[in-house]
Amino acid sequence: MKHHTQHPEKKFVLIVEDDLVYQQLLKGFLNNLGYETLIANGGAEARDLIAKFKPSDLLHIEAIITDVVMEEGEGLSLLEDIRSHKILGDVPVILISSAEDDLIHHEAKRFRASAFLKKPVTLEKLREVLNS
């Protein structure tokens, strides 16, 4: 799943999560793994954040972790948008959710999610997925 940028010294992961406690948990895990983080509180905020970046800055994003179910725009539609983005289209996208059903897995496969992690996510599992 590794996605290599032109500047390997800067590794960013975009976290899209509307639960503030879970945002901080993921941020702590990712910082522990050597990543810098960008945080969006939902799909709409993630889209706005991505739109504000210069194309050269988007190359620093190594992965995107998004919750599937959020109040402000859900993760599957964000995944669909990312897959059609000219720069981020091949960036690994990890879906996380406390819900697990066939529709989520079907849509995740359809839009080429890199991985699906059931909450609660552990540091070890996140490390494994990011290093695969």
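A residue is called buried under 20% relative accessible area, exposed over 50%, and partly exposed in between, with a 1.4 Å probe and protein chains only. The structure is a predicted model, in which local features need pLDDT of at least 70 and side-chain atom pairs count only at pLDDT 80 or more, while totals for chains, interfaces and linings use all residues. Residues are numbered from 1 along each chain as its sequence is written, and side-chain values use heavy atoms, with hydrogens and water left out.

Arg112 is partly exposed, at a relative accessible area of 46%. Its phi is near 60°, a positive value in a residue other than glycine. Arg112 lies in the loop between α5 and β5; helices (H or I, at least four residues) and strands (E, at least two) are DSSP runs, numbered from the N terminus.

The largest nonpolar core (buried Ala, Val, Leu, Ile, Met, Phe, Trp, Tyr and Cys residues joined through side-chain atoms within 4.5 Å) has 23 residues, of which Leu14, Val16, Ile61, Ile64, Leu88 and Leu95 touch the most other members. Elements supplying at least two residues each include β1 (12-16), β3 (61-67) and α5 (102-110). The most, four residues, come from α4. Another core, of 19 residues, lies apart from this one and has Tyr22, Leu30, Leu33 and Leu126 among its members.

Two lysines are placed over rings (NZ of Lys or CZ of Arg within 6 Å of the ring centre and within 35 degrees of the ring normal). Lys11 lies over the face of Tyr35, 4.5 Å from the ring centre, and the charged end of Lys119 sits over the ring of Tyr22, 4.6 Å from its centre. Lys119 is also joined to Pro120 by a cis peptide bond, with omega about 5°. Pro120 lies in the loop between β5 (115-118) and α6 (123-131).
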